[in-house]
Every structure is written in structure tokens, then in C-alpha cells.
Amino acid sequence: MILSKENRTPRAAFVIAAGGTGTRMNASVPKQFLALDGKPILLRTAESCAALEEVAQVVVALPPEHIPQAEAVFSSHPLRVPVACVPGGENRQASVRNGCRRVGPGVDVILVHDAVRPLCPREVMRRVLDAAWEKGAAVPGLPATETIQRVSRSGRVLKTPPREELYAIQTPQAFHAKLLAEALDRAAREGFLGTDESSVVRWAGHPVAVVEGAPENIKITRPLDMRLARLLLQARAGRGGASGEGPGDGQGEVDMAAGGDWRIGQGLDYHRFVEGRKLILGGVEIPFEKGLDGHSDADALLHAVCDALLGAAALGDIGRHFPDTDPAWRGRDSMFFLKAVREKVEAAGWRVGNVDATLLLQRPKIAPHAEAMRRNIAGALGIDMRAVSVKATTTEGMNAEGRGEGVSAQAVALICR
Ligand code: MG
């Protein structure tokens, strides 16, 4: 097949492979949904793809169970071009093949990109697109800077290949759409599994050009990559240095002075006192003669905080995410819900700023437990305790709370990009 460049710019589509489970990141969310500077990595990657003007479509291939989360991210942050989330296959190659099938007609070049490379410079995408348009297939690569040895399984050096022949190959890898589709179909029929798309295309008999990649086009695989990515983003934004580094999992404090995008949410919850249940509020078991009735542990305070956070992100309410008709949530510790809500809010591109909550009840006294409640909430949300307030009031004997029939809770939460 002769693939010469026609006298026009190509129409391009990105297929983003987002199959990873993130086991190396020690995170409970797949790494592509981890927040990098307040935005899911997948969203950052997709935005960088859509910013290339030749791009008419973005397709994300990911495990079926992650599709609702990805769709929620893209519906709250629409891209410049249509984005489709398609179920991946049993390996990357099958996933990319599914993604390619979703690419619309009239697309000349497909760029296949890793979901966890959010920092690929525009000029690398352009170089690889231009080279593929001209030659059929192209990948970005970096010459090896370290000596690379072939090593035996027992850990002995076997061979030192000449360094000038060694390149680290990155993504996006770009191909004429038809060439890639045919190579992937043939590989599926004949049972060939390549380590990347370019190896499949080469196996199918087409040469692959290498263009210059970029060192900052890192693949976020380990926790160290996350720190590095954050530093690179800060450098791009002109913030420089490590001053914005947050503690532990890297969630820094919300930078109000930066004039970011903020949202506020409120949450309310009510539970009745009954005999024979523990009283749990703010994740703290409080000695009392009654407890609160409910499907879960009936922690009205945490439920109100959850609803405030979900409300701020316009993600519905706790009943929608954890319906009380589902036996899976029976008797659940509400700290679980709060952590899950944090993950949903962060996956939608937000980070939690602060929470202020008020309990309304006649008895028992809350003040002795307020600090433990704040610590629990701050811990679940990954924020400083100073950003969490818990207070309580009686209702002077008025209304149901005042008559000791139950407890209500109110919360407000601020979230920020
Ligand atoms: Mg409730």
C-alpha cells in the first residue's frame, strides 16, 4: 500500500486506552481517575487530545465497570469534540480495536494514546500526526540515555545492545485509520499480541517512523510519577517549585487566591431515635440509651456531609449512589460512604475545600465528641482538620429534635477545581 500525503490536512481521532486498574499506585480508584491538581488524569489527557485542531473525535476504551464514572466526568466537563466511552477488551490490543471500531467515517488518522499520559506536549502530537499522515505510521520516541542491558531472569547481564539503536517509545502512536484497523483485525484473527500498536502494524508488514518524543510526556504508573506530573503542571502554570505540594496523597489545600472554579453544596439528614441501636454520629460511637434507626448505621452527620459534597458537584444524593433498597449497604459504616463520595467528587474533577456541619438534637451532648468527629471527616476527605467544623445545637425543646424523637444534621461543603 502506498500512503502518500494528499494536499490537505487530515481529520484525526484519538483512541485513548484506559484499561489500567492502578495496582501500582496503591489507590482504591483506577489511576486514570486519580485527581492530578484537582482534575482526573483521564480528563486531562482527553482535553489535551481534543485541543489538537485536526481532532474530530475522542474514543475512550475502558473496562465496562468504569464507563459510568468516565461518562460522569465527561458530562460535567464536555470536550470540544464528541467523546465516546466504549468497553475495552481482554487486553490493550483488543481494547484499542474496540475503540477504533467506534471511530466515525471520514477519519484519516487514528492516534492511540495512553490514558495516563496527561502531559504530552502539543508539538509531539503534531509531529506524530504529520509523520503518520505522510508515511502511514509513526510513534514518538526518546533515545535511551542510560545503558540498557539484556538481563537473565536470574539477574545476570547477558548482553549490552548498542545504545544508539535503543529508544523508549511513547504514545500517542498515529496510523492511517484503515491501516491500523486492518492490522488489528488481522492480529486478532491470527492470534498475534504486540506490546503496543506500532508492533502490531510492523508485524502486519508496514514500516513505522519514529519522531522525537518529549521527556515530560511521562506515563503515570507509580506514586513518584504523580509527584513529578504535579511539579511539571506547576511549572507550566508558572507556579514553579514544590510550594504547592500537599501532604500524603498529594491533595493540596484549595488555592482560593488562584480564583479557581468553586461550587457550594448543602446536605440535610434526619433519623429517629429507637431502642436497641448504637448512636453513631460523625463516625463516633456515643454512649446513649438509644440509637438512630436506619438502613446503614444511620449516621445523620456523615449523611448530611455526603449530600453536601454530592450536591456541590451536582452528582445527585447519597440515596442515588447507595440506595437503601440495596442489601449491600445494610448496617454499613457511613465512613465508607463518605470515602466513596470523596472519590466520586474527585473523579469528577473537584477537590474538597471545607465542610461545616451542625447537628440538631436535645441530648446527648456533642461537644466532647466534636473533635473526634472532625478528625474522622477530615481523614476520610483527605483534608486538614482545620477545614472541618462540627457543631451542635438544641432546638430549645421545640419540634421533633427538641422532643428527643431524633436527630437532624445540616452541612455545607465547598469544592474547588
Ligand atoms: Mg441518612
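**Figure 1. Burial and overall make-up of the predicted model.** Buried residues account for 51% of the 417 residues in the protein, and the coordinates shown here and in the views that follow are those of a predicted model. The secondary structure amounts to 12 helices and 19 strands. Along the principal axes, the C-alpha atoms fill a box of roughly 85 × 45 × 40 Å. When contacts between residues at least 6 apart in sequence are considered, 72% of them join residues at least 24 apart.

**Figure 2. Close-up of the magnesium ion and its protein donors.** The magnesium ion has as its protein donors Asp-269, through OD, His-271, through NE2, and His-303, through ND1, and these lie 2.2 to 2.3 Å from the ion. Read along the sequence, the spacing of the donor residues follows the pattern D-x1-H-x31-H. Because His-271 belongs to strand β13 (residues 262–274) whereas His-303 belongs to helix α8 (residues 300–312), the pair ties together parts that are 32 residues apart in sequence. Both histidines, His-271 and His-303, are buried.

**Figure 3. Close-up of helix α8 against helix α10.** Helix α8, which carries the donor His-303, has an axis that comes within 9 Å of the axis of helix α10 (residues 334–347), and the two axes cross at roughly 10 degrees. With an angle under 35 degrees, α8 is therefore roughly parallel to α10. On the α8 side the contact is made by Leu-302, His-303, Val-305, Cys-306, Leu-309 and Leu-310, and on the α10 side by Ser-334, Met-335, Phe-337, Leu-338, Val-341 and Val-345. By residue class, this contact of α8 with α10 divides into 10 nonpolar and 2 polar residues, with no charged residue taking part. His-303 thus appears both among the residues of this contact and among the protein donors of the magnesium ion.

**Figure 4. Close-up of the crossing of helices α3 and α5.** The axes of helix α3 (residues 92–101) and helix α5 (residues 177–190) come within 10 Å and cross at roughly 135 degrees, an angle that makes α3 oblique to α5. The crossing of these two helices, α3 and α5, is left-handed. Gln-93, Val-96, Arg-97 and Cys-100 contribute to the contact from α3, while Leu-180, Leu-184, Asp-185, Ala-187 and Ala-188 contribute from α5. The residues of the contact of α3 with α5 comprise 6 nonpolar, 1 polar and 2 charged.

**Figure 5. Close-up of the crossing of helices α1 and α2.** Helix α1 (residues 41–50) and helix α2 (residues 67–76) have axes that come within 10 Å and cross at roughly 55 degrees, and the two helices are therefore oblique to each other. The crossing in which α1 passes α2 is right-handed. The contact is formed by Leu-42, Leu-43 and Ala-46 of α1 together with Ala-70, Val-73 and Phe-74 of α2. In this contact of α1 with α2 the residues divide into 6 nonpolar, no polar and no charged.

**Figure 6. Close-up of two cis peptide bonds that precede proline.** Most peptide bonds are trans. The bond from Thr-171 to Pro-172, however, is cis, with omega near 5 degrees, and Pro-172 is placed in the loop between β10 (167–169) and β11 (173–176). A cis peptide bond also joins Arg-363 and Pro-364, where omega is about -10 degrees. Pro-364 has its place in the loop between β17 (351–360) and α11 (367–381).

**Figure 7. Close-up of two residues, other than glycine, with positive phi.** Most residues other than glycine have a negative phi. Ala-314, by contrast, has a phi near 55 degrees and is found in the loop between α8 and α9 (318–321). With a relative accessible area of 63%, Ala-314 is exposed. Asn-399, which is not a glycine either, has a positive phi of about 55 degrees, and Asn-399 is found in helix α12 (residues 399–402). At a relative accessibility of 39%, Asn-399 counts as partly exposed.

Terms used. Residues are numbered from 1 along each chain as its sequence is written. This is a predicted model: local features need pLDDT of at least 70, side-chain atom pairs count only at pLDDT 80 or more; totals for chains, interfaces and linings use all residues. Side-chain values use heavy atoms; hydrogens and water are left out. Donors are N, O and S atoms within 2.8 Å of the metal (3.2 Å for Na, K and Ca); water is not among the atoms, so sites may look incomplete. Helices (H or I, at least four residues) and strands (E, at least two) are DSSP runs, numbered from the N terminus. Buried means under 20% relative accessible area, exposed over 50%, partly exposed in between (1.4 Å probe, protein chains only). Axes are lines fitted to C-alpha atoms, for helices over the stretch in contact, and angles run from 0 to 180 degrees between N-to-C directions. Angles under 35 degrees count as roughly parallel, over 145 as roughly antiparallel, 65 to 115 as roughly perpendicular and the rest as oblique. A crossing is left-handed if the near helix is turned anticlockwise from the far one by less than a right angle, and right-handed if clockwise. Contact means heavy atoms within 4.5 Å. Ala, Val, Leu, Ile, Met, Phe, Trp, Tyr, Cys and Pro count as nonpolar, Asp, Glu, Lys and Arg as charged, and the others, Gly among them, as polar.
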